[in-house]
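Welcome! Here is a short tour of the salt bridges in this model. Please take a look at the sequence and structure, then read on.

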Amino acid sequence: MRIGSLKLDSNLFLSPLAGYTNLPFRLVVREVGGVGLCTTDLVNARSLLEKNPKALKLIETRPTDSPLAVQLFGSVPEEMRDAAIYLESIGVHSIDINMGCPVKKVCKVGGGSAMMTELDKTSALVKQMVNAVKIPVTAKMRLGWDDENLTAPDLARTLEDVGVAAIFVHGRTREQGFGGTVNLFGIRKVVEAVKNIPVIGNGDIITPQAAKKMFDETGCAGVSIGRGAFYNPWIFQHTLHHLATNELPPEPTFSERVRVMRRHLDLMIEVFGEELGCRMFRKVAPWYAKRFGPCHEFNKKVVQVSTKAQFDEILENYIRWRQQFLDDKGELLPRFQQPPMIASFMRDEPASTTRQQIPVPRGPVEVW
């Protein structure tokens, strides 16, 4: 598919996920295969212009990490414009504007979901960015602030008029945070609101079946996957296969999961150094372990890992401990196998909306 002048090998995207979609993980996903475009963690435009070392680390890349989009947040038009110009000058392929982050510290400075509440101001900011660069500028948004104010269709239409190349829409409101059911009908309304630009759906794509359902029911041109890629870095490759054949490939074996997890740690150490890389990996390894079967013995140790040698020892001990749950062929006994994952919008019962709920200010739209 195309986003503006950028031609992509697939219509599957890696969503930005703060603290996770750094260079090592992007490289892992690309090596496994199937992803069309990866996006960095969200980066503060002002910090980037000030050459803040943390901001520069967020956009660190290498030739194999391509094509790459950088996600910016901010509310000062001149800063967002100048950050876009800088990113284009260093070879970034696309710029995504964060209008969907529900986190308070982003919203309180006028970024993230707060941008959905002031259409005129937001469109003027975006127009400056679009006019300043030749690379595609896209926007990531939520459906609205809450269920009573689903402003995404109007915002998408407005942004198309000022030249954005694509819209990414997360099928939840700011009020929902990351809990509750993804609203496929809401995404479809955004698809119907624009005339010529692609809309990419996002939210709770944790299986190839969920991706297909989002395509089928919303008419979106692509899907963007965040947390689902951490459960399963193979999800892009498997989704392409499922869309082409309507068949599901087998889940990766335990040994393949371990191989990719080891590769991820090696890249973390390569990019961040052993001490910091291992410390950061403490929150990454349990994601891989979610599909290992019984894993408490692994998780309680790996969250204290400090060196590569220590990780190797933890893993070796865990592999020995795990054998008690295996049959003669080395497969998990049926009672220890994990149930299939089911997206919120594919469950018989609606998902709870209380998890990670974010308080919403009272009052009319004008005071948001």
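A salt bridge is a side-chain nitrogen of Lys or Arg within 4 Å of a carboxyl oxygen of Asp or Glu. One such pair is D312 with R262, whose closest N and O atoms are 3.0 Å apart. D312 lies in helix 16 (residues 308-322) and R262 in helix 12, so this pair ties together parts 50 residues apart in sequence. Helices (H or I, at least four residues) and strands (E, at least two) are DSSP runs, numbered from the N terminus. Through shared partners, salt bridges join R262, D266, K308 and D312 into one network.

This is a predicted model, where local features need pLDDT of at least 70, side-chain atom pairs count only at pLDDT 80 or more, and totals for chains, interfaces and linings use all residues. Residues are numbered from 1 along each chain as its sequence is written, and side-chain values use heavy atoms, leaving out hydrogens and water.

How many salt bridges does the structure hold? There are 21, including these:

| Pair | N to O distance |
|---|---|
| R26 and D65 | 2.8 Å |
| R263 and E31 | 2.7 Å |
| D312 and R262 | 3.0 Å |

R263 lies in helix 12 (residues 254-272) and E31 in helix 1, so their salt bridge ties together parts that are 232 residues apart in sequence.

Are R26 and D65 buried or exposed? Both are buried, where buried means under 20% relative accessible area, exposed over 50%, and partly exposed in between (1.4 Å probe, protein chains only). Partly exposed residues include R263, at 31% relative accessible area, E31, at 48%, and R262, at 29%.
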